[in-house]
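Biologist: I would like to learn how to read a model feature by feature. Could we take one and work through it?

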Amino acid sequence: MLFRTLLLPVALFLSLIVLPFSAAAKDRVTILYDAFSDSKEITKDWGFSALVEHDGKRILFDTGNNAATFEHNVKALGVDLSKLDFVVISHRHADHITGLKYFLSINPNVPVYAPMEPFGMFGGSVPPTLIKPVASLPDQMRYYGGKYPGKITSGYPWAGGNFVLIDKLTEISPGIFLTSTISKTPGTLELRELSLVLRGPDGLSVIVGCSHPGIEEILHAASSVDSHFHFLCGGLHLVSTPEAEIDRLVESLKNKWKLEKIAPGHCTGEPAFLRLQKAFGDDYLYAGAGTRLEIP
């Protein structure tokens with residue numbers, strides 16, 4: 001009896017030590033917004049948004065194309081937007097940012113990481129060197145009457161928001177990074193885009209919005225964190241890419257970048273879905289809106 005009495009406190013002590021490790025949450029991505037889905041609860045629309053859970057952190061990545069649709073899908077999936085650690089907006093296109101109208105009405109204070117751009121949609125400033133002074137002009141023809149400010153502040157169309165602007169590789173939390181890349185493609189030339197990079201025991205997991213700068217450019221930027229790429233999720237912007245170039249890229253993702261798992265969505269395009277599924281087999285993960293993916 002005495003032995004059993006002594007054993008119970010020891011067992012309780014051990015359970016308190018073991019429980020936090022055994023109950024640790026797995027990394028997970030929940031697709032909140034996309035134009036394809038196998039869920040009857042979800043409204044399909046062109047755009048992208050995902051809830052990313054990593055190492056106990058909850059991250060909203062992009063907010064879709066329509067605020068009402070974003071709200072509907074978030075509620076249908078039981079996602080609590082008031083409980084987030086931060087938000088990442090990949091780039092300025094409407095199909096990734098319009099849900100901010102709803103999100104900011106729920107959670108206006110959480111940090112929102114966005115690309116730093118001159119006169120960007122998310123605020124910031126432009127150096128006063130933009131102005132070339134001409135002292136011979138009368139004051140009424142000179143900017144600010146010739147009394148130039150130390151910086152020219154950019155406005156933004158959101159009613160509030162705690163925007164933090166990023167223009168380089170940044171570790172925003174232990175093991176959580178943002179890469180900043182710039183498109184060189186005609187039509188989106190000089191577009192800044194952020195991608196989310198998570199460092200885990202199996203390598204890097206990379207969450208992308210549209211990959212306008214090119215997915216290989218994004219992976220190159222992320223490789224300064226780790227050269228081992230485990231998981232890739234999001235839009236690869238191959239929707240109008242010639243099939244020969246899609247074939248080249250699929251081969252490169254498999255054999256050059258040694259990507260292990262892929263969950264493409266949004267602007268990846270149906271021809272690329274088909275080719276990636278054939279190339280990756282069981283390592284191709286369906287990622288339609290409403291899908292909850294535990295990062296394997």
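**Reading the features**

Modeller: Gladly. This model is predicted. Begin with a helix and its surroundings. Helix H5 has buried residues, and what covers them includes strands E10 (176-182), E11 (192-200), E12 (203-208) and E13 (229-235), along with helix H6 (243-255).

Biologist: Which residues of H5 are buried?

Modeller: First the general idea. An α-helix has 3.6 residues a turn, so residues three or four places apart point the same way. Now the case here. H5 spans residues 215-222, and Ile215, Glu216, Ile218, Leu219 and Ala222 are buried. Viewed down the axis of H5, these buried residues fall within an arc of 155 degrees, so they line one face of the helix.

Biologist: Next, backbone angles. Which residue in the loop between E12 and H5 should I look at?

Modeller: Most residues other than glycine have a negative phi. Ser211, in the loop between E12 and H5, has a positive phi of about 60 degrees, yet is not a glycine. Ser211 is also buried, at a relative accessible area of 3%. Phe119 is another non-glycine residue with a positive phi, near 50 degrees. Phe119 sits in the loop between strand E5 (111-115) and strand E6 (125-126).

Biologist: Now the cysteines. How many disulfides are there?

Modeller: The test is distance: two cysteine sulfurs must lie within 2.5 Å. The count here is 0. The sulfur of Cys210 has its closest cysteine sulfur in Cys267, 3.4 Å away, which is too far for a bond. Both residues can be placed by burial. Cys210 is buried, with 3% relative accessibility. Cys267 is buried too, with a relative accessible area of 2%.

Biologist: Last, the sheet. What is the strand order in the open sheet of 7 strands?

Modeller: Read from one edge to the other. The order is E8-E5-E4-E3-E2-E1-E15, and the pairing is mixed. Strands E8 (162-166) and E15 (292-294) stand at the edges with a single partner strand each, so one side of each has no neighbour in the sheet. On average, neighbouring strands are turned by 25 degrees against each other, direction ignored.

Biologist: How many bridges join E1 to E15?

Modeller: Strand E1 covers residues 28-33, and 3 bridges join E1 to E15 in an antiparallel arrangement. Among the bridge partners, Val29 pairs with Leu293 in E15.

Biologist: Which strands does helix H2 lie across?

Modeller: H2 (residues 67-76) lies across E1, E2 (49-54) and E3 (57-61). The helix runs at about 140 degrees to E1.

Key: Residues numbered from 1 in each chain as written. Predicted model: local features only at pLDDT ≥ 70, side-chain atom pairs only at ≥ 80, totals over all residues. Heavy atoms only, no water. Buried < 20%, exposed > 50% of the residue type's maximum accessible area, 1.4 Å probe, protein only. Helix = DSSP H or I, 4+ residues; strand = E, 2+ residues; numbered from the N terminus. Arc of directions from axis to C-beta. Contact = heavy atoms within 4.5 Å. Pairing = 2+ DSSP bridges. Axes fitted to C-alpha atoms, helices over the stretch in contact; angles between N-to-C directions.
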